[in-house]
Every structure is written in C-alpha cells, then in structure tokens.
Amino acid sequence: MDEFLNITQQLLTGFGENCFLFIITLVSAIPLGLIISMGSMSRFVPLKAVTKTFVWIIRGTPLMLQLFVVFYVPPLMSDGEFVFSRMNAAIVAFIINYAAYFSEIFRGGIEAVPKGQYEAGQVLGMTKTQIFFKVILMQVIKRITAPVGNEVITLVKDTSLASVIAIPEILMNAKDFSMEGLIWPLFYSAVFFLLFCGVLTILFSFLEKKLNYYKG
Amino acid sequence: MSILNVENIQKSFGKNEVLKNISFSLEKGEVLAIIGSSGSGKTTLLRCLNFLETPDKGRIIVNGETLLDADKNTKRNEKEIRRKRLHFGLVFQSFNLFPQYSVISNISLAPLLMAKEQLKNEGEYMGEKTYRAAAEKIRENVLSLLKKVGLSEKKDEYPGNLSGGQQQRVAIARALALDPDVLCFDEPTSALDPELTGEVLNVIRGLKSSDSTMIVVTHEIEFARDVADKIIFMDSGVIAEEGTPQEVIINPKNPRTREFLARFNQNFS
Ligand SMILES: Nc1ncnc2c1ncn2[C@@H]1O[C@H](COP(=O)(O)OP(=O)(O)OP(=O)(O)O)[C@@H](O)[C@H]1O
Ligand SMILES: [Mg+2]
C-alpha cells in the first residue's frame with residue numbers, strides 16, 4: 001500500500017510537469033497560431049512566403065528534433081552564454097510547433113467561409129471589422145472545433161516527449177520504476193493520460209454540440 | 001430627375017473587357033429587367049453598382065449625387081464607400097444569409113450595427129436618441145418586412161432550416177431593411193427548384209406595387225415582360241437592345257435579341 005501511494009505521488013509529480021507544459025503551450029500557441037495564419041494568408045507575398053516556409057519546416061520535422069535544437073543549439077552558438085532551462089526549452093519548442101499546426105487549422109477554417117459571406121456583409125454597409133467579428137468568426141469557430149480538439153488531445157500526449165531533454169515528466173518517472181523491475185507503473189501512467197484526454201474529449205464534444213444549434 | 005444615372009461604365013478583368021460602355025437611367029419606382037446570355041456582364045454590372053467591383057471608367061449618379069467618377073482619381077476610403085453603397089441593395093443568386101443567425105437577426109444585424117455607430121457619432125438614429133429605442137424601431141420594421149415577404153412565422157428559424165425560396169425571401173427582407181434607393185437582384189430565382197421560383201417572384205412583384213426602384217437580372221423572360229417597365233438586353237458587355245417589354249421582348253429589332261429569345265421559347269415549349 002505504501003508503495004502504491006509512493007508511486008502514485010511520484011507519477012503525479014511527473015504529470016504536473018506535463019500539465020504545466022500543456023497549459024502554457026495551449027494558451028500561447030493559439031494566439032500565436034492566429035497571427036501566423038494571418039501571415040500565411042497575407043497578400044504581401046514576401047510575408048506569405050516566409051510564413052509558409054516556416055510552417056513547412058516546423059510541420060515537416062520531428063518535434064523531438066525541435067526540442068534538441070532549442071535546448072542544445074543556443075549554448076553551443078553562444079559559447080555557453082545563453083542557455084534555456086530544460087522547461088523553458090520545452091516550452092519554446094512546443095509553442096512554436098503547436099502554433100504552426102494551429103495556424104494551418106485556422107487558415108483552413110477562415111478560407112472555408114464562402115466569399116459570399118463577406119460580400120453580403122459589405123453590401124449591407126458593414127465595416128471589415130464588423131464583418132469579421134459578427135459574421136465570419138463564429139463560422140470559423142464552428143469549423144475548427146473538431147480539428148482543434150484533435151490537436152489539443154495530441155498535445156496532452158506529446159508533452160511526454162519533453163523527457164528527451166530530461167524533464168522529469170510522468171513517463172520518465174514510470175520508466176525509472178520499470179528499470180528497477182516494476183512494470184505496472186508504466187500502465188498506471190497511462191491512466192493519467194486516459195483520464196485527462198477523456199475529460200477533454202467530453203469538453204470538446206459538448207462544445208461541438210453547442211455549436212450545432214445551426215446548420216452549415 | 002432620374003434616381004439613377006449610369007454613364008459609360010467600363011470594366012475589364014485583365015484583357016477581358018467585360019463591360020464595354022454601359023449607360024442607362026432609371027426613374028424612381030421603375031423596375032428594370034436585365035436579360036442576356038451567360039457571360040454578357042450582367043453580374044459584373046450589378047457588382048459595380050454595389051461597389052463590389054470598381055469600374056475602370058464611367059460614372060454612377062444617384063439622385064443627382066455622383067457616387068463614382070472613375071475618371072477623377074478620388075481617394076476611396078472604406079467609410080465613403082460604405083456610405084455610398086448604402087444607396088444600393090443587392091440580393092444574391094445564392095442568398096448568402098448568415099447561417100449562425102436566426103431569420104430576424106439576419107435582417108436586423110446591419111441596421112443595429114448602423115444604429116450603434118450613428119448614435120455614437122451623431123447622437124441620433126432615425127430620430128431616436130437611445131440604442132434601446134432605435135432597436136425597438138428596427139425590430140418593428142423588421143417584423144413588418146417579414147410580413148411583407150410572408151415569413152412572419154419563420155422569424156426565429158435558422159436559414160439552414162428554410163427552403164431555398166424562403167431563404168431568398170429573407171435575403172430580400174434583409175436588403176430592404178436598409179431602405180436602399182435601388183434594390184438589385186442577381187438572378188434571384190436561378191438557384192431555386194422550379195416550384196419555388198413563384199413565391200420569390202411574387203414578392204418582387206409586391207415590391208413593385210410598393211414603389212421600390214429595382215434592377216432585376218433574370219432569365220425569367222415572362223416575369224421580365226410582366227413586371228419590368230424597361231428591359232435591357234446585354235450581349236458581350238454592351239447594351240444590345242433597350243426599351244419597354246413590348247419593344248424588347250415582343251418586337252425585338254436586334255437579331256441577337258431574337259436569337260436569345262428564340263432559345264428561351266424553345267425551352268418553354
Ligand atoms: N472577378 C473576376 N475576375 C475575372 N473575370 C471575371 C470576374 N468576374 C467575372 N469575370 C468574367 O466576366 C465575364 C462576365 O461575367 P458576369 O458574371 O458578369 O456574366 P453574367 O452575365 O452575370 O453571366 P451569368 O448569366 O452566367 O451569370 C465572364 O467572362 C467572367 O468570366
Ligand atoms: Mg451572373
């Protein structure tokens with residue numbers, strides 16, 4: 001019993017790191033993703049090209065590699081002057097990575113709103129801002145809820161990648177136990193993820209249902 | 001004085017000259033029907049009037065006020081364009097209702113935003129001094145418009161739950177809510193099943209009797225003949241023939257008009 005409590009506590013401490021990384025990434029990557037999506041839809045060609053290349057690189061390389069780069073490259077380049085703490089390195093890499101993914105979801109959602117919706121707003125004398133906030137935004141939110149939900153659930157699980165730069169997150173702890181010959185904490189750690197993702201799934205399907213008050 | 005004067009409008013997309021030299025005028029309360037084959041520039045003309053496209057040349061004059069003079073390179077800021085386009089209303093072929101708003105909100109959205117803005121800037125909206133009073137006035141107007149288009153019962157429905165004909169009638173009410181000087185229709189029935197066109201055309205007929213000035217682009221030749229005071233036949237960017245329904249539809253002079261109408265008669269018989 002003591003052992004169970006002890007292991008639970010250790011895993012929980014680890015999961016705290018996962019949750020912290022999750023929350024910080026989520027609240028920063030969404031607004032940053034919105035900004036990036038604006039860039040990738042810009043009519044100013046150089047900006048658009050730079051943004052698209054950036055998104056291509058981030059989405060086209062493993063998050064694990066990005067973690068290594070953010071953590072190891074700055075000190076090497078600055079002769080050890082500039083060093084991210086492990087957690088800060090993880091935060092930076094995760095935010096950049098997820099912002100790139102979110103930006104593509106946002107771009108898809110915004111571009112899927114028919115041109116006629118903007119034009120209807122225009123001929124009714126609405127300003128661009130009014131059209132965006134009163135007409136377009138809600139339709140975008142409805143369209144992106146499901147893909148954003150998927151991405152958020154992936155993020156929960158991806159946080160365990162932070163172990164590659166030795167952040168003591170839950171899987172790292174569970175693995176340490178298995179090295180000592182205890183296998184079950186590995187499965188036990190899965191319960192934490194399952195519960196967290198379960199709650200998120202319920203939350204997102206509730207949101208989707210709410211937004212289903214209208215068709216189209 | 002004519003309510004609308006269109007003078008020498010020209011518009012090209014790249015090398016494609018879509019409107020070559022369009023001029024016409026319209027008196028208050030008149031209904032103008034525009035007919036013509038696909039690609040002749042009918043939609044582009046309506047879009048120019050509604051400032052969705054900017055003509056390369058020409059002038060648009062409403063009630064004696066020059067809204068657009070393409071030769072004078074006036075700065076076109078958003079605010080000016082918004083004010084000017086309110087002289088016109090546009091009903092789209094594909095309705096373009098806002099799916100997330102109920103019927104009543106679709107119609108009142110723009111007037112409410114307008115009221116808020118005017119109250120802030122001028123302290124008054126149509127004689128009302130508070131947003132509450134303005135909103136009440138707008139609501140009354142919207143309800144009477146819904147009655148006019150025969151959709152009072154559907155006021156709390158969402159567009160997705162309405163038939164095409166009902167959606168188009170909501171779109172007409174939405175355009176009327178801003179009380180435009182000239183209401184334009186771009187093939188208002190061509191996205192509808194044949195059995196639904198009648199209800200929309202009847203609403204437009206009803207508007208004629210309440211003295212609205214309208215421009216209707218349509219392929220419904222019979223409707224044009226019965227309702228229009230004036231008909232324009234457009235052919236590859238020019239007005240090929242213009243006159244009363246009697247002149248253009250019954251006794252067309254231009255061989256192109258005859259050819260076009262013959263194709264329609266074939267479809268009918
Ligand atoms: N935004 C645009 N960019 C380039 N070309 C355009 C654009 N809009 C219209 N055109 C071209 O202008 C011409 C006239 O189009 P328009 O839509 O005005 O014709 P229409 O008379 O309304 O035809 P229909 O009966 O099919 O609706 C067409 O050749 C079309 O390809
Ligand atoms: Mg057209």
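What follows is a look at the ligand 1 site, a bent helix in chain B and two buried residues in a predicted model.

The ligand site comes first. Ligand 1 is surrounded by 13 residues, and the closest of these are B:S38, B:G39, B:K42, B:T43 and B:T44. Three of those five turn up again once polar contacts are considered. At B:G39 it's the backbone that does the work: one of its N or O atoms sits 2.8 Å from an oxygen atom of ligand 1. B:K42 uses its side chain instead, with an N or O atom 2.7 Å from a ligand 1 oxygen. For B:T44, a polar side-chain atom is found 2.5 Å from an oxygen atom of ligand 1. Taken on its own, ligand 1 has 640 Å² of accessible area, and the protein covers 60% of that.

As for where the shell comes from, two elements of chain B each supply two or more residues: β2 (16-26) and α1 (42-49). The biggest contributor is α1(B), which gives three residues. Sorted by class, the shell around ligand 1 is made up of nine polar, two charged and two nonpolar residues.

Over to helix α3 of chain B, which runs from residue 103 to 122. Its 20 residues span 29 Å from first C-alpha to last, close to the 28 Å expected at 1.5 Å a residue. Even so, α3(B) isn't straight: there is a bend of about 40° at B:L109, with a proline, B:P111, following within four residues. Both B:L109 and B:P111 are on the list of buried residues in α3(B). That list also includes B:V103, B:I104, B:N106, B:I107 and B:S108 towards the start of the numbering, along with B:A110, B:L113, B:M114, B:A115 and B:L119.

Two single residues round things off. In chain B, helix α2 (residues 78-85) holds B:K84. Is this lysine, B:K84, buried or exposed? B:K84 counts as buried because its relative accessibility is 15%, and the cut-off for that label is under 20%. A polar atom of the B:K84 side chain also has a partner, lying 2.9 Å from the backbone oxygen of B:L67.

In chain A, A:V123 belongs to helix α5 (residues 115-123). With a relative accessible area of 5%, A:V123 is buried too. Measuring from C-alpha to C-alpha, A:V123 and A:A93 are 44 Å apart in space, with their positions 30 residues apart in sequence numbering.

Technical notes:
Residues are numbered from 1 along each chain as its sequence is written. Chains are lettered from A and ligands numbered from 1 in the order in which they are written. This is a predicted model: local features need pLDDT of at least 70, side-chain atom pairs count only at pLDDT 80 or more; totals for chains, interfaces and linings use all residues. Side-chain values use heavy atoms; hydrogens and water are left out. A residue is near a molecule or strand if one of its heavy atoms lies within 4 Å of it. A polar contact is a pair of N or O atoms within 3.5 Å; within protein, one must be able to donate a hydrogen and the other to accept it, and residues adjacent in sequence count only if both atoms are side-chain atoms. Accessible areas come from the Shrake-Rupley method with a 1.4 Å probe; for residues, only the protein chains shown count as cover. Ala, Val, Leu, Ile, Met, Phe, Trp, Tyr, Cys and Pro count as nonpolar, Asp, Glu, Lys and Arg as charged, and the others, Gly among them, as polar. The expected span of a helix is 1.5 Å times one less than its number of residues. The bend at a residue is the angle between axes fitted to the seven residues ending there and the seven starting there. Buried means under 20% relative accessible area, exposed over 50%, partly exposed in between (1.4 Å probe, protein chains only).
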